Every structure is written in structure tokens, then in C-alpha cells.
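Colleague: I would like to learn how to read a structural model feature by feature, with the general idea set out before the particular case. Could we go through one together?

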Amino acid sequence: MPPWFQHLAQLLALPEYGLTTVFVVAFVSATLLPMGSEPAVFGLIKLNPELFWPAVLVATAGNTLGGAVSWAMGLGTHRLVDRARGNSTELRALRWLERFGPKACLLSWLPVVGDPLCAVAGWLRFPFWPCLAYMAIGKFARYLCMTAALLWFFPERLAL
């Protein structure tokens with residue numbers, strides 16, 4: 001490992017920077033940008049095992065807030081399209097999603113479809129707070145399960 005990368009990894013692993021980095025990466029990865037936040041969470045926890053719960057909670061908060069931004073983008077897009085067309089818009093998934101309503105946001109943890117689902121919830125004008133609560137539950141469960149599984153498969157501590 002190059003010395004500059006080793007230094008950067010140590011710097012970002014410090015609790016005062018590491019949790020901020022995890023928050024930013026989790027936030028950005030919850031928008032429609034193709035990015036995964038699990039490696040950042042796992043890396044921080046491997047370097048600082050005592051930060052397991054803070055890292056999971058910070059990642060959950062960042063990813064949930066990113067999902068809220070996606071929800072707002074969907075709502076804004078819907079309003080923009082409605083104004084441009086002069087009428088109400090519909091999606092094919094409307095019937096399926098309306099059957100589940102905000103509870104569909106529990107699936108926001110899924111790869112590929114989870115983050116766009118938050119935008120679709122906004123597009124369909126699902127109530128914000130219930131959607132946010134279900135997003136938080138789903139994303140917390142994902143971080144908890146993924147991080148615990150990775151720690152189980154890779155129990156050794158990283159040496160820098």
C-alpha cells in the first residue's frame with residue numbers, strides 16, 4: 001500500500017473524520033448516484049471496532065436523509081411534469097405501490113431498485129414522514145445485517 005494512501009486511510013479512520021466520511025458516503029449513495037456505502041462502514045469498523053454502533057447509526061441517518069432527498073426529487077419532478085403537461089401523471093407501478101403505500105419504502109435497502117423507490121414514493125406523493133420512517137427501518141436493518149455479516153466473514157483486524 002502506498003504511504004500516502006496508508007496515511008489517508010488512517011486519517012479518515014479517526015473517529016472525528018471517519019463518521020463524517022461514512023455519513024457523506026451513505027448520504028450520496030442513497031441518492032440516484034451509483035455508489036455503495038457498505039465498504040466505507042465496514043472499513044471504519046474494521047479500523048475502529050468500538051465504532052460499530054455509531055457507524056451503523058450514522059450510516060443509517062445519512063442514507064435515510066439521502067432517501068428523503070430522493071423522495072423530494074421525485075415529488076419535484078412530478079410537479080414539474082404536471083405543470084408541463086397540464087394534467088396528472090401516472091406510472092404503471094402505481095397500483096402495486098399504492099397497495100403498499102409508504103410501507104413500500106421498507107424495500108429502500110435493496111440494491112439497484114431501493115434508491116429509485118424513494119424517488120418514486122415522492123413521485124406518487126406518498127406522505128413524507130411515514131416514508132422516512134420506513135426508509136430508516138429498512139436502511140438500519142441493511143447496515144446492521146451487512147456489517148455484522150462482513151465482520152463474521154472477516155473477523156481479523158486490519159493492520160495499517
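Modeller: Let us begin with a single residue: K139 has its place in helix α7, and, since what we have here is a predicted model, every value I quote is computed from its coordinates.

Colleague: Is K139 buried or exposed, and which residues does K139 touch once its neighbours within four places in sequence are left aside?

Modeller: The cut-off for burial is a relative accessible area under 20%, so K139, at 0% relative accessibility, counts as buried. Leaving aside the neighbours within four places in sequence, K139 is in contact with A30, T60, N63, T64, S108, W109 and D115.

Colleague: How far apart are K139 and T60, in sequence and in space?

Modeller: They are separated by 79 residues in sequence, whereas their C-alpha atoms are 5.8 Å apart in space. T60 belongs to helix α4, which covers residues 52-85, and T60 counts as buried because its relative accessibility is 8%. Seen from the side of T60, and again without neighbours within four places in sequence, the contacts are A136, K139, F140 and Y143.

Colleague: Which helices does the protein have beyond these, and what share of its contacts joins positions distant in sequence?

Modeller: The protein has seven helices and zero strands, so that its pattern along the sequence reads α-α-α-α-α-α-α. Of the contacts with a separation of 6 or more, 78% are between residues 24 or more positions apart, and buried residues make up 39% of the 160 residues in the protein.

Colleague: How should I describe two helices that pack against each other, for instance α3 and α7?

Modeller: In general, two packed helices are described by the angle between their axes and the distance between the axes. Here helix α3 (residues 38-47) and helix α7 (residues 128-153) pack at an angle of about 55°, and their axes are 10 Å apart. The two helices are therefore oblique to each other, and α3 passes α7 in a right-handed crossing. On the α3 side the contact is made by E38, V41, F42, I45 and K46, and on the α7 side by R142, Y143, M146, T147, L150 and L151. By character, the residues of this contact divide into seven nonpolar, one polar and three charged.

Colleague: R142 is one of the residues of that contact; is R142 buried or exposed?

Modeller: R142, which is found in helix α7, counts as buried because its relative accessibility is 12%. Not counting residues up to four places away in sequence, R142 touches S37, E38, N63, S108 and W109.

Colleague: How many disulfides are found in the whole structure?

Modeller: As a general idea, a disulfide is a covalent bond between the sulfur atoms of two cysteines. A search of the whole structure finds zero disulfides; C118, for example, is in none, and the nearest cysteine sulfur, that of C105, is 5.4 Å away. C118 is buried, with a relative accessible area of 1%, whereas C145 is exposed, with a relative accessible area of 53%.

Colleague: What should I notice about the backbone of R125?

Modeller: R125 has a positive phi of about 60° although it is not a glycine. R125 lies in the loop between α6 (114-123) and α7, and, at 44% relative accessibility, R125 counts as partly exposed.

How values were computed
Residues are numbered from 1 along each chain as its sequence is written. This is a predicted model: local features need pLDDT of at least 70, side-chain atom pairs count only at pLDDT 80 or more; totals for chains, interfaces and linings use all residues. Side-chain values use heavy atoms; hydrogens and water are left out. Axes are lines fitted to C-alpha atoms, for helices over the stretch in contact, and angles run from 0 to 180 degrees between N-to-C directions. Helices (H or I, at least four residues) and strands (E, at least two) are DSSP runs, numbered from the N terminus. Angles under 35 degrees count as roughly parallel, over 145 as roughly antiparallel, 65 to 115 as roughly perpendicular and the rest as oblique. A crossing is left-handed if the near helix is turned anticlockwise from the far one by less than a right angle, and right-handed if clockwise. Contact means heavy atoms within 4.5 Å. Ala, Val, Leu, Ile, Met, Phe, Trp, Tyr, Cys and Pro count as nonpolar, Asp, Glu, Lys and Arg as charged, and the others, Gly among them, as polar. Buried means under 20% relative accessible area, exposed over 50%, partly exposed in between (1.4 Å probe, protein chains only). A disulfide is a pair of cysteine sulfur atoms within 2.5 Å.
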